[in-house]
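Colleague: I should like to request a close look at a single part of this model. Please take the sheet and what is packed around it, and explain the matter as you would to a first-year student.

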Amino acid sequence: MKPILVINSGSSSLKFGLFVNKGGDEHAIARGNADAIGADNGKLEIFDEQGNNVLEETEHLDSHKTAFSQIAKRLAELKYDPPSAIGHRFVHGGPHLVEHQQITDEVLAELQKAVHFAPLHIPAAVELIRYTEKIFPQVPQFACFDTAFHQTMPEAAYRFPIPDNYDAEGVRRYGFHGLSYASIVHALGKELPSKVVVAHLGNGASLAAIADGKSVDTSMGLTPTGGIPMGSRTGDLDPGISLFLMRVHKLNDEALEKLLNQDSGLKALGGTNDMRVLQQAADKGDHNASLAIEIFCSSIAKTIASYATVLSGLDLLIFAGGIGEHSSAVRANVCRRLEFLGIALDAERNQASASLVSSDASRIAVRVVVTEEEKQIARHCRALLKS
């Protein structure tokens with residue numbers, strides 16, 4: 001089959017992968033990323049199927065459109081076949097776009113109506129789609145939504161205690177990182193037990209309670225700002241804090257959004273949103289860094305314990321995401337707080353970030369699983385192409 005091109009765009013980056021189907025699953029024949037978009041030190045890298053760096057360029061990439069144009073050009077120069085489909089990751093599609101689907105004019109119009117659900121993400125994503133249509137005019141494009149995985153949550157999990165008219169407008173818990181959770185469920189396959197909690201921990205972080213492979217609760221809410229404290233996001237706050245900031249400090253909506261999403265979380269508590277830097281500072285006795293880690297890990301542990309209640313038990317705890325996969329200190333800190341549940345880590349396994357980090361005596365297995373969002377998007381696109 002011809003390859004599927006997957007696009008995963010961030011605020012100043014664009015990750016991509018070119019996938020072909022082998023043996024019933026998707027395999028990347030090329031991966032890459034464009035970083036520091038909008039800055040003078042923009043960087044474009046492409047890696048082949050074996051992980052070899054086949055292209056590395058430093059250049060000014062003034063927009064996501066420019067970055068994509070360069071990606072398409074370089075892939076063609078490297079003799080990769082043109083894509084048979086293009087898949088885009090969408091963080092949020094609003095209340096009416098919650099299933100992976102082919103992008104049409106009607107879908108784009110619905111996305112425009114949903115801009116207020118993700119004002120920083122949707123306009124840029126729609127603009128990029130319009131541009132990719134010009135470069136590959138005959139290639140079908142698909143939108144894959146992070147919110148889709150959580151559509152199995154019961155009403156008691158997604159409904160907020162607010163009047164009906166707001167709920168009818170779509171003010172509810174959507175949940176995010178759904179492509180990550182779906183990729184983990186796929187990766188474990190038949191090994192996935194009935195009662196699972198996944199902690200996707202990165203600069204953005206969330207947790208999900210998964211029963212028999214389906215989401216039944218998750219920490220993020222209407223937007224990716226909710227849940228546990230993150231790199232630069234507050235997580236859940238007393239709603240009165242926002243009222244206080246607006247009334248007393250006269251913050252308007254834009255200033256409040258910047259505070260909640262860009263200037264809070266670990267960054268506000270410890271001076272940086274880099275967990276590695278925080279851990280180094282904490283090891284040297286820095287109080288603020290230690291406090292940031294304490295609040296972060298305590299929030300994760302409390303959420304895991306609450307999800308054990310939701311699931312009426314717990315068979316498996318999974319750590320994923322950049323911090324979840326690589327920080328043995330965070331895993332140890334979180335699991336130490338959950339010893340009352342019967343969780344026990346093996347120090348050597350944890351230090352090595354082995355796939356199984358719990359001890360043989362642990363009543364609950366603890367695993368580290370690499371999330372593969374781009375591969376999961378390719379799977380969804382291939383299935384939609386076939387259908």
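Modeller: The following account begins with the sheet and then turns to the helix and the aromatic rings associated with it. Please keep in mind that the model is a predicted one.

The sheet is open and consists of eight strands, whose order is β5-β4-β3-β2-β1-β6-β8-β7, and the pairing among them is mixed. At the edges stand β5 (53-58) and β7 (101-102); each has a single partner strand, so one side of each is left without a neighbour in the sheet.

Let us now consider one pairing in detail. Strand β6, residues 85-90, runs parallel to strand β8, residues 141-145, and five bridges join the two. One of the residues to examine is Arg89, whose bridge partner in β8 is Cys144. A helix also packs on the sheet: α3, residues 122-135, touches β1 (4-9), β2 (14-22), β6 and β8. The direction of α3 makes an angle of about 175° with that of β6.

The aromatic rings come next. A pair of aromatic rings is described by two quantities, the distance of the centres and the angle of the planes. In the whole structure, a search finds four aromatic pairs. One of these is formed by Phe68 and Phe136, with 6.3 Å from centre to centre and 80° between the planes, an edge-to-face arrangement. Phe68 belongs to helix α1 (residues 64-77), whereas Phe136 is in the loop between α3 and β8, so this pair ties together parts that are 68 residues apart in sequence. Both Phe68 and Phe136 are buried.

A further pair brings us back to the two strands discussed above. The ring centres of Phe90 and Phe145 are 5.5 Å apart and the planes are at 45°, so this pair is tilted. Phe90 lies in strand β6 and Phe145 in strand β8, and the pair thus links distant parts of the chain, 55 residues apart. Phe90 is buried, as is Phe145.

Finally, a word on the nonpolar cores. The largest has 57 residues, and those touching the most other members are Leu111, Leu201, Phe296, Ile304, Leu317 and Val334. Helix α11 (residues 287-310) gives the largest share of this core, ten residues. A second core, separate from the largest, has 24 residues, among them Ile7, Ala30, Ile37 and Leu75.

Technical notes: Residues numbered from 1 in each chain as written. Predicted model: local features only at pLDDT ≥ 70, side-chain atom pairs only at ≥ 80, totals over all residues. Heavy atoms only, no water. Core = buried A, V, L, I, M, F, W, Y, C linked by side-chain atoms within 4.5 Å. Buried < 20%, exposed > 50% of the residue type's maximum accessible area, 1.4 Å probe, protein only. Helix = DSSP H or I, 4+ residues; strand = E, 2+ residues; numbered from the N terminus. Pairing = 2+ DSSP bridges. Contact = heavy atoms within 4.5 Å. Axes fitted to C-alpha atoms, helices over the stretch in contact; angles between N-to-C directions. Phe/Tyr/Trp six-rings, centres within 6.5 Å; stacked < 30°, edge-to-face > 60°.
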